[in-house]
Structures are given as C-alpha cells and as structure tokens.
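Here is a friendly walk through one protein model. Keep the structure open beside you and find each residue as you read.

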Amino acid sequence: MKRQRTFLVRRTDVDPAGGNAGRFASRQLFRWGVPSAFARMLGVLCVDTREPVFALTYDDGPDPDHTPRILEVLARHGARATFFVMTDRAVEHDDIVKKIIAGGHEVQVHGRDHESMLTRGVGEFWRHVRRARRDLESVGVRPTLYRPPYMQFRRSQMMAVRLSGLTLALASGDSRDWEHDDEGAIAQRGAAAVFPGAVLLMHDSRADPQTARSEAELPRFDRADVIDRLLQEAAVRGLTAVTMTELLGRGAAVAARAYHRGPR
Ligand SMILES: [Zn+2]
C-alpha cells in the first residue's frame, strides 16, 4: 500500500473560518513530516491539496427514507460520497448498501450502535469495531476507514484502530444537520465549510434522537433538498464532491491531535 504523507497541525488550523485552510504544509508541527507509525494513530481531518475536490461524508445511515433520495441527487450532480454506516442498519437494509456501492460511492464503518467509545475499554472497543467490520463484510463491503460516534475516542483506542488496519477518518467541517433548521440555512453552513481538500460531515439519518437537547427540535427537513442546494453552491465555486478514499489519494492527509484525554 502506498504510504500516505501526513501533516500534523493544530485543530484550529483546520477551521474553515480560520483562513488557514489550504496552507497546511506551512503549518505542520513536525517540520520533516510525521513518522509513519505515529501518523496512522492520528485522525484525518482533511487533505492538503489545491485540486478543486472535497470529500462528502454521510454518517448514521443507511436510512430507508433519506438515503435513496440523497443517492438520486448525488447521481444528478455527478457527486460521490462516503457513507459511514451503522452496521446493524446496513445488515438490515443491505439493498440500500448495494445501491450506494452501485452509485460509485463507498461504505465505511461508523459502529454497530451510536454509543460513545469513551464509555468502552480498549478490549470492548476492539471487539465492537471487529464485529462492525464483520457486519459490513457480510454485506459484501471491505471497509478501510472508521469514524467513531461523536468523533470521540482515546489514544489507546487509536492504536487499536491502527492495528486493525483501518484509518481513523474525522472531518474538517459540518453543517449542524442533526437539529432541525431550514434547508437553505443548513446548505449554506455546509457550503461554508467546503474548501479544496475539506472533509464535510453530513447525516443521512440521526442515530441517536434520544440524546437531543430538550430545547432542540429533531430534524424533519428534506435532506435530499439540502444536498441539492449545497452541491449547486459548491459547483458555482468549481468544487466537486468525491469519496474520502479518493480525496486521500490527492494529497497529504492533514491530522490533528483529536483524542480525548481523561480516565481509562
Ligand atoms: Zn453519528
């Protein structure tokens, strides 16, 4: 496998509003690059490239209501996306998984359930990821990327991800599409987080409605309409959506120390 070059930057350097996006090479913390053994333990936030592409990533699906409609919009725009799925849902809706793959997109691991990995010890974490991986293999998918729920994990768990051969895939920006809002507003927030090499987090479902803040409304907006508007806006700026794997082939991975410190 080709060795991926990795730049380690500060988390704030990846903030699209911070103005440093696209200048990662000059901001890396290790002047001579990150040693490869260490690089695989970092979470990838985005990619250092000047090419007009970004990774569109969807979490928490597949969802029988939203995912097929989102796939239609992606096909219309010639866009590709990565779906980080709940693997129990993927097994239940293997027809949707096949549709995702047939559309030229990719399917990767988000987890068997949406519990934060901070509640799990290393052994339990390891078993969880291994079983999630097997779930996907049972529907014909060989995952290479893993995105933990809430993007929460510990350093010891990163090592387990590395040993399992998966790459820890995070994101550089999102549209806050886990709460209800107007389609135009969500699309605008998403488009504002897109730059060459960005990894945009979106949701084709919401896996954990029970954790919503009591004052927040659960999403009931049209997710297909949101991505239609967002991709139109990206096209105006000359940007095309690709899968995360494809984006990783376009330049050095940009990582930050993103794990949680604390007990266990
Ligand atoms: Zn999620």
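## Starting from one tyrosine

Let's begin with Y146, which touches F84, V109, H110, M117, F125, V129, V161, L166, T167, L168 and A169, leaving out residues up to four places away in sequence. Keep in mind as you look around that this is a predicted model.

## The nonpolar cores

Y146 is also part of a bigger picture. The largest nonpolar core has 75 residues, and those that touch the most other members are F54, L56, L74, Y146, I227 and M244. Helix α8, residues 223-236, gives this core its largest share, 6 residues. There is also a second, separate core of 5 residues, with L8, V34, A39 and L42 among them.

## The zinc site

Which residues coordinate the zinc ion? They are D60, through OD, and H110 and H114, each through NE2, at 2.0 to 2.2 Å. Along the sequence, the spacing of these donor residues reads D-x49-H-x3-H. D60 sits in the loop between β3 (53-59) and α2 (67-77), while H110 belongs to strand β5 (residues 106-111), so this pair ties together parts that are 50 residues apart in sequence.

Are D60 and H110 buried or exposed? Both D60 and H110 are buried. You have already met H110 in another role, since H110 is one of the residues that Y146 touches.

## Helix α6 and its buried face

Now find helix α6, which spans residues 155-163 and has Q157, M158, A160 and V161 as its buried residues. Looking down the axis of α6, you would see these buried residues fall within an arc of 160°, so they line one face of the helix. They pack against β2 (43-48), α5 (122-138), β6 (145-146) and β7 (167-168). V161 links back to our starting point, as V161 is among the residues touched by Y146.

R155 is also in helix α6. R155 is partly exposed, with a relative accessible area of 46%. The C-alpha atoms of R155 and V122 are separated by 9.9 Å, and these two residues lie 33 residues apart along the chain. Just after α6, look for G165, which takes a positive phi of about 85°.

## Helix α7 and its two sides

Helix α7 runs over residues 183-192, and its buried residues are E183, I186, A187, G190 and A191. Around the axis they cover an arc of only 135°, which puts them on the same side of α7. The cover over these buried residues includes β8 (173-174), β9 (199-203) and α8.

What does the face turned away from the buried side of α7 carry? That face carries the exposed residues Q188 and A192. At the N-terminal end of α7, D182 acts as a cap, with a side-chain oxygen 3.2 Å from the backbone nitrogen of G184.

## A buried threonine in a loop

Our last stop is T243, in the loop between β10 (240-242) and α9 (244-248). Why does T243 count as buried? Its relative accessible area is 9%, and buried means under 20%.

The side chain of T243 reaches the backbone nitrogen of E246 at 3.1 Å. Setting aside neighbours within four places in sequence, T243 is in contact with A55, R80, A81, T82, G104, H105 and E106.

Note on methods: Residues are numbered from 1 along each chain as its sequence is written. This is a predicted model: local features need pLDDT of at least 70, side-chain atom pairs count only at pLDDT 80 or more; totals for chains, interfaces and linings use all residues. Side-chain values use heavy atoms; hydrogens and water are left out. Buried means under 20% relative accessible area, exposed over 50%, partly exposed in between (1.4 Å probe, protein chains only). Helices (H or I, at least four residues) and strands (E, at least two) are DSSP runs, numbered from the N terminus. The arc is that of the directions from the helix axis to the C-beta atoms. Contact means heavy atoms within 4.5 Å. A nonpolar core is a set of buried Ala, Val, Leu, Ile, Met, Phe, Trp, Tyr and Cys residues joined through side-chain atoms within 4.5 Å. Donors are N, O and S atoms within 2.8 Å of the metal (3.2 Å for Na, K and Ca); water is not among the atoms, so sites may look incomplete. A polar contact is a pair of N or O atoms within 3.5 Å; within protein, one must be able to donate a hydrogen and the other to accept it, and residues adjacent in sequence count only if both atoms are side-chain atoms.
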